[in-house]
Amino acid sequence: MDEQLGDKELLAWVEQVAAFFARNNGLPLITGRVLGWLMVCDPPEQTAAEIAAAIGASKGSLSTAVRVLEAGGFVRAVTRPAERGVRLRVVDDVWERVARRKLEALGQFSEITAEGLELLRDDPERAGRVRDAHRLFAWLEREIPPLFQRWEEEDSS
């Protein structure tokens, strides 16, 4: 544990990360705990045993959580010379990539809602519900590229 930060405070923050990802992404709490811990641990690369000890997880549940995080592109395994096994760390720039992927997927839903509007062109009542969704998702599709353009400009300055 980090001696400068209190163990309780750091683990409470990790728990907030876990709860956020459980609530907003349907991830098991253990998966969010692993991610939260890897965001704040020192050193930034940790073995499975170090992570398990820090967050109080079994190796089995940790293994499953790590597979989910690796598949989602959140963490990656790294090796060190003269060390057996791997260490895990948060992938550089993961947050931009995750946000971009999620927002772009929302924008792409406008293609599906456009098809729904075409299917319901002769039924204005039912088409109204699809139209509401289409307006929002078409707007997102237009606004997301400039949003990330502004981010890239801000990030490079």
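**A salt-bridge network, a core and a surface patch**

Let's start with the charges: Glu45, Glu50, Arg80, Glu83, Arg87, Arg89 and Asp92 are tied together in a network of salt bridges. Keep in mind as you look around that this is a predicted model. The structure holds 11 salt bridges, and one worth zooming in on is the pair Glu45 and Arg89, whose closest N and O atoms are 3.1 Å apart. This pair links distant parts of the chain: Glu45 sits in the loop between H2 and H3, while Arg89 belongs to strand S2, 44 residues apart in all. Where do Glu45 and Arg89 lie, buried or exposed? Both of them are buried.

Arg89 also leads us over to the nonpolar side of the story, since Arg89 is one of the residues that Leu38 touches. Leaving aside residues up to four places away in sequence, Leu38 has contacts with Pro44, Gln46, Ile51, Val75, Leu88, Arg89 and Val90. Leu38 is itself part of the largest nonpolar core, a set of 27 residues. Which members touch the most others there? They are Val34, Trp37, Leu38, Ile51 and Ile55. As for who builds this core, at least two residues each come from helix H1 (7-25), helix H2 (29-40), helix H3 (48-55), helix H4 (59-71), strand S2 (87-90) and helix H5 (94-119). H2 is the top contributor, with 5 residues.

Now for the outside. Trp13, Met39 and Trp95 make up a nonpolar surface patch of about 280 Å². Trp13 is found in helix H1. Why does Trp13 count as partly exposed? Its relative accessible area is 32%, and the partly exposed class runs between the 20% limit for buried and the 50% limit for exposed.

Finally, head towards higher residue numbers for two more salt bridges. In one, the side chains of Arg121 and Glu118 meet at 2.6 Å, N to O. The partners fall into separate accessibility classes: Arg121 counts as exposed because its relative accessibility is 54%, whereas Glu118, at 46%, counts as partly exposed. In the other, Asp123 pairs with Arg126, with 3.0 Å between the closest N and O atoms. Here Asp123 has 26% relative accessibility, so Asp123 counts as partly exposed, and Arg126 is partly exposed too, at 45%. Set these beside Glu45 and Arg89, which are both buried.

Technical notes: Residues are numbered from 1 along each chain as its sequence is written. This is a predicted model: local features need pLDDT of at least 70, side-chain atom pairs count only at pLDDT 80 or more; totals for chains, interfaces and linings use all residues. Side-chain values use heavy atoms; hydrogens and water are left out. A nonpolar core is a set of buried Ala, Val, Leu, Ile, Met, Phe, Trp, Tyr and Cys residues joined through side-chain atoms within 4.5 Å. Buried means under 20% relative accessible area, exposed over 50%, partly exposed in between (1.4 Å probe, protein chains only). Helices (H or I, at least four residues) and strands (E, at least two) are DSSP runs, numbered from the N terminus. Contact means heavy atoms within 4.5 Å. Patches are made of residues with over 30% relative accessible area and no salt bridge: like charges are joined within 9 Å, nonpolar side chains (Val, Leu, Ile, Met, Phe, Trp, Tyr) within 5 Å. Accessible areas come from the Shrake-Rupley method with a 1.4 Å probe; for residues, only the protein chains shown count as cover. A salt bridge is a side-chain nitrogen of Lys or Arg within 4 Å of a carboxyl oxygen of Asp or Glu.
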